[in-house]
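Please read the following account with the sequence and the three-dimensional view side by side, turning from one to the other as each part of the chain is named.

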Amino acid sequence: MSTETVTSHPINDVLALGRMLLEEKHVSDANIDAKLLLMHVLDMDTMELLTGSKNLVGAEQINEYLNLVNQRGAKEPLQYITKQQEFMGLPFFVDKRVLIPRQDTELLVEAIINMSKTIPIKKAIEVGVGSGCISIALAALVKDISVIGVDISQDALDVALENAKANDVEDKIQFIQSDLFSSIEDVGPVDLIVSNPPYISKTEIDTLMEEVREFEPRIALTDEGDGLKFYSSIAMEAKYYLREGGVLAFEIGHNQAEDVRNILIYEGYKNIELLQDYNSRDRVIIGIMR
């Protein structure tokens, strides 16, 4: 099929063209991304795409599809193109204002949900909400919890509020523009403080995949230092908000466990626990307020 004069073509042919164009641009998972982009354009699920493989796709939809394929070929993340990503089984809108929710971060949420079965977690603060995926998942999946979600970026907060409304939990979350805890007032002792802070070091940022390095917000990726700045600041300030026995939970980089553990020990947290991700790398650290 020529990309110059586009007429109607069967789904299979359109899909093959998309796959070929992505492969030429060395896009990883070109076959999967070609399918997902076409499903997005045609508003189909996997089964509909499979069973309708001989159905014709109109010229307008083919042009739309090829435009999206070109965006992906330029290494723009698939999620920013389709404006969607699932997290903990919930739908999230995402664009370049926020990080794309990752499966690794689900481990952090799952750990908190498990803890809530034995430790009362009714009042929480998330520092650095981004898309809102952590706060919203907790609000949706932990009974009777209320969350204060803070972020320095108003753009990120706008996205988070949109996602909270889409998941019907906006009444359980208060969003505040704040540099860490600076704008939080009169909240009383809380049961949980959670954060997935910018933890990529300045020296590592240039080694990231192009999709991440060139498209996701740098302010949410790196502290422009050693990657530990926010762990130190949050661990120190959290003590003024957590109740005795309250939980401080972080996502961490795979090589940061020892450093962050030492920060928590220095700040007086106890019962420090490390959890590994699906690739057996340290990913979550939890400490309890003395």
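What follows goes from the chain as a whole to its nonpolar cores, then to single residues, and last to a pocket.

The model is a predicted one, and its chain holds 11 helices and 11 strands. Taken along the principal axes, the C-alpha atoms fill a box of roughly 70 × 40 × 35 Å. The accessible surface of the chain comes to about 14,100 Å², and carbon and sulfur atoms account for 47% of that area. Of the 290 residues in the chain, 51% are buried. Among contacts with a separation of 6 or more, 66% join residues that are 24 or more positions apart.

The nonpolar cores are a useful place to enter the interior. In soluble globular proteins, nonpolar side chains tend to be buried together. Here the largest nonpolar core has 36 residues, and the members that touch the most others are V109, I112, L138, I173, L192, V194 and A249. Two or more residues each come from strand 4, helix 6 (103–115), helix 7 (133–141), helix 8 (154–166), strand 7 (173–177), strand 8 (190–195), strand 9 and strand 11 (282–288). Which of these elements gives the most to the core? It is helix 6, with 7 residues. Apart from this core lies another, of 34 residues, which includes I148, L180, F181 and V260.

A249 shows how one member of the largest core is surrounded, since leaving aside neighbours within four places in sequence, A249 is in contact with L108, I112, L192, I193, V194, S195, I285 and I286. L248 lies in strand 9, which spans residues 242–251, and L248 counts as buried because its relative accessibility is 0%. Once residues up to four places away in sequence are set aside, L248 touches I193, I234, A235, A238, L242, L264, Y269, I285, I286 and G287. From C-alpha to C-alpha, L248 and T105 are 15 Å apart in space, with their positions 143 residues apart in sequence.

I125, in strand 5 (residues 123–127), likewise has a relative accessibility of 0% and therefore counts as buried. Its contacts, apart from neighbours within four places in sequence, are I148, F181, I184, V187, V190, L192, I193, V194 and Y241. Two of these, I148 and F181, are among the members of the core of 34 residues, whereas L192 and V194 are among the residues that touch the most other members of the largest core. The C-alpha atoms of I125 and S135 are 8.3 Å apart, the two residues being 10 apart in sequence.

I272 belongs to strand 10 (residues 270–276). Is I272 buried or partly exposed? With a relative accessibility of 21%, I272 counts as partly exposed, because the limit for a buried residue is under 20%. Leaving out residues up to four places away in sequence, I272 touches R261, L264, I265, I285, I286 and G287. Between the C-alpha atoms of I272 and D45, which are 227 residues apart along the chain, the separation is 43 Å.

A charged residue of helix 6 can be set beside these examples. D104 lies in that helix, and at 18% relative accessibility D104 counts as buried. Beyond its neighbours within four places in sequence, D104 is in contact with E251, D277, Y278, R281 and R283.

Backbone angles single out two loop residues. Most residues other than glycine have a negative phi. L180, in the loop between strand 7 and strand 8, nevertheless has a positive phi near 55°, and at 13% relative accessibility L180 counts as buried. K83, in the loop between helix 5 and strand 3, has a positive phi of about 65° although it is not a glycine, and at 35% relative accessibility K83 counts as partly exposed.

The elements on either side of K83 also take part in a pocket. The second largest pocket has a volume of about 350 Å³, and of the 13 residues that line it, those closest to its centre are L36, T82, Q84, Q85 and E86. Helix 2 (30–42), helix 5 (78–82), strand 3 (85–87) and strand 4 (90–92) each give two or more residues to the lining. By type, the lining divides into 7 nonpolar, 5 polar and 1 charged residue.

Note on methods:
Residues numbered from 1 in each chain as written. Predicted model: local features only at pLDDT ≥ 70, side-chain atom pairs only at ≥ 80, totals over all residues. Heavy atoms only, no water. 1 Å grid on protein atoms, 1.4 Å probe; cavity = no way out; pocket = protein on both sides within 12 Å on 5 of 7 lines; lining within 4 Å. Points joined across faces, edges and corners; volume = space filled by probe spheres on them. Helix = DSSP H or I, 4+ residues; strand = E, 2+ residues; numbered from the N terminus. Nonpolar A, V, L, I, M, F, W, Y, C, P; charged D, E, K, R; others polar. Buried < 20%, exposed > 50% of the residue type's maximum accessible area, 1.4 Å probe, protein only. Contact = heavy atoms within 4.5 Å. Core = buried A, V, L, I, M, F, W, Y, C linked by side-chain atoms within 4.5 Å. Areas by Shrake-Rupley, 256 points an atom, 1.4 Å probe, with all protein chains shown as cover.
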